[in-house]
Amino acid sequence: MFSTMIRRPWDVAESLHTPEGVYQARDHHRREFLKKVGRTAIGAGLALPIAGCDRPTDEELRAAGAVEPLPEEKKALYPAPRNDAFTYGRPETIQRDAAEFTNFYEFAPSKDVYRYVGPFEPTPWTVEVGGLCSSPQTFDPDDIYDRFSLEERAYRHRCVETWAMCVPWTGFRLRDLLEAVEPQPSARYVAFESFNRPDQAPTMQDDTYPWPYAEGLTMDEATNELAFVATGIYGEPLPKQHGPPIRLVIPWKYGFKSIKSIVRITLTDQRPSAFWNTLIPHEYGFEANIDPDVPHPRWSQQTEWMLGTEERYETQKFNGYGEYVAGLYDA
Ligand SMILES: Nc1nc2c(c(=O)[nH]1)N[C@H]1C(S)=C(S)[C@@H](COP(=O)(O)O)O[C@H]1N2
Ligand SMILES: [Mo]
């Protein structure tokens with residue numbers, strides 16, 4: 001479907017990641033919100049027909065993202081104990097609102113990623129961790145479950161497109177994973193890479209994008225208390241659209257840093273290349289810390305809106321996580 005289009009990478013990014021796209025998404029959300037209101041009204045006995053409802057049922061949504069069930073002996077890992085150090089400070093996003101609306105460009109440039117993830121097979125899987133370290137290792141999800149103890153963290157998430165959500169992630173600190181491979185002092189950055197499977201992920205057939213999706217952090221960022229490796233969300237293993245079997249969650253940075261479905265982690269002394277930064281460097285910085293006062297050419301970063309409710313909040317510097325991370329950026 002992409003073969004007839006002749007575009008340069010920056011044209012592609014512009015056309016696929018446009019403000020129009022966001023307005024459509026917001027209209028979509030408004031329609032969904034009205035449907036929801038309609039549903040409540042029916043519940044209250046005020047019959048309000050919902051004609052042409054194209055919203056998936058809970059069952060359809062769940063089936064669309066379903067991954068292979070955990071082996072019996074691993075099932076008790078979920079839900080993991082909640083780490084009480086973290087609270088949202090606002091209402092939690094409803095699970096299906098997060099599952100229905102997300103970014104995962106390998107599958108689609110639209111938000112209804114759940115419709116396109118069917119062919120994705122995140123089992124079996126391995127994550128190679130290597131580079132400037134003394135004990136490079138390859139982990140499969142079983143190794144990960146055996147080596148690292150899972151906890152649940154309630155984090156705020158903020159996309160550069162200004163949508164936001166509050167969700168409980170299951171996982172462990174990225175620092176613990178890095179310590180396991182014994183980083184060498186020369187390691188200054190950590191590079192992350194997602195899978196490369198154009199046969200399972202349609203947008204990957206468009207080679208004007210710099211696939212596979214990649215991201216990077218400084219070593220100090222990667223070993224910060226907040227930097228989290230997630231294997232689950234809402235007390236269950238990650239469904240396909242949220243990036244199984246493992247992904248990053250970096251809550252003080254714009255969402256594009258939170259790379260999904262990771263296959264390789266490399267300790268390095270060079271600043272790694274990053275997907276959106278490579279495509280449009282003036283819009284997507286490498287550092288990408290959430291900051292209402294760093295303007296974006298297409299989206300005002302002053303406020304953000306919550307998935308599901310569209311409630312608006314003022315953007316907080318570092319997404320409100322300054323007590324953990326501000327010290328990383330002192331001049
Ligand atoms: N591999 C990969 N990871 C990715 C993306 C992507 O397109 N591909 N999108 C990013 C963006 S822009 C956001 S906002 C978050 C959204 O994911 P979530 O809603 O599951 O947290 O995933 C990030 N990780
Ligand atoms: Mo994003």
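**Backbone geometry, strand pairing, salt bridges and cavities**

Pro79 is placed in the loop between α3 (58–65) and α4, and in this predicted model the peptide bond that joins Tyr78 to Pro79 is cis, with omega at about -10°. A cis peptide bond also joins Trp211 and Pro212, here with an omega of about -5°, and Pro212 is found in the loop between β5 and β6. Most residues other than glycine have a negative phi, and most peptide bonds are trans. Against this background, Thr162, which is not a glycine, has a positive phi near 85°; Thr162 belongs to the loop between β3 and β4 and is buried, its relative accessible area being 8%. Glu310 likewise has a positive phi, of about 60°, without being a glycine. The position of Glu310 is in the loop between β11 and β12 (312–314), and with a relative accessible area of 17% Glu310 is buried.

The two strands that flank the loop of Pro212 are themselves paired: β5 (residues 189–194) and β6 run antiparallel and are joined by five bridges. Within this pairing, Val190 has Leu217 of β6 as its bridge partner. Strand β6, which spans residues 214–218, is mostly covered, since four of its five residues are buried.

Side chains of opposite charge can pair when their charged atoms come close. The structure holds 24 salt bridges, among them one between the side chains of Lys111 and Glu161, with an N to O distance of 2.7 Å. This pair links distant parts of the chain, 50 residues apart, with Lys111 in the loop between α4 (95–100) and β1 (127–131) and Glu161 in the loop between β3 (151–158) and β4 (163–173). Both Lys111 and Glu161 are buried.

A further salt bridge is formed by the side chains of Arg264 and Glu193, at 2.9 Å from N to O. Because Arg264 lies in strand β10 (residues 262–268) and Glu193 in strand β5, the pair ties together parts that are 71 residues apart in sequence. Arg264 counts as partly exposed at 30% relative accessibility, and Glu193 is also partly exposed, with a relative accessible area of 26%. Elsewhere, salt bridges that share partners join Glu151, Arg153, Arg173, Arg175, Asp176 and Glu225 into one network. Within the network, the closest N and O atoms of the salt bridge between Arg173 and Asp176 are 3.0 Å apart, and Asp176 is partly exposed, with a relative accessible area of 25%.

Another charged side chain, that of Arg298, makes a polar contact of 2.5 Å with the side chain of Glu283. Arg298 is situated in the loop between α8 (275–279) and β11 (303–306) and, at 18% relative accessibility, counts as buried because the limit for that class is under 20%.

Rolling a probe the size of a water molecule over the atoms shows where empty space is left. The count comes to three cavities of 30 Å³ or more, and the largest cavity has a volume of about 300 Å³. The lining of the largest cavity comprises 23 residues, of which Asn103, Tyr213, Gly255, Phe256 and Lys260 lie nearest its centre. By class, this lining consists of twelve nonpolar, eight polar and three charged residues, and its largest share, three residues, is contributed by β4.

Conventions. Residues numbered from 1 in each chain as written. Chains lettered and ligands numbered in written order. Predicted model: local features only at pLDDT ≥ 70, side-chain atom pairs only at ≥ 80, totals over all residues. Heavy atoms only, no water. Buried < 20%, exposed > 50% of the residue type's maximum accessible area, 1.4 Å probe, protein only. Pairing = 2+ DSSP bridges. Salt bridge = Lys/Arg side-chain N within 4 Å of Asp/Glu carboxyl O. 1 Å grid on protein atoms, 1.4 Å probe; cavity = no way out; pocket = protein on both sides within 12 Å on 5 of 7 lines; lining within 4 Å. Points joined across faces, edges and corners; volume = space filled by probe spheres on them. Nonpolar A, V, L, I, M, F, W, Y, C, P; charged D, E, K, R; others polar. Polar contact = N/O pair within 3.5 Å; in protein donor to acceptor, adjacent residues only side chain to side chain.
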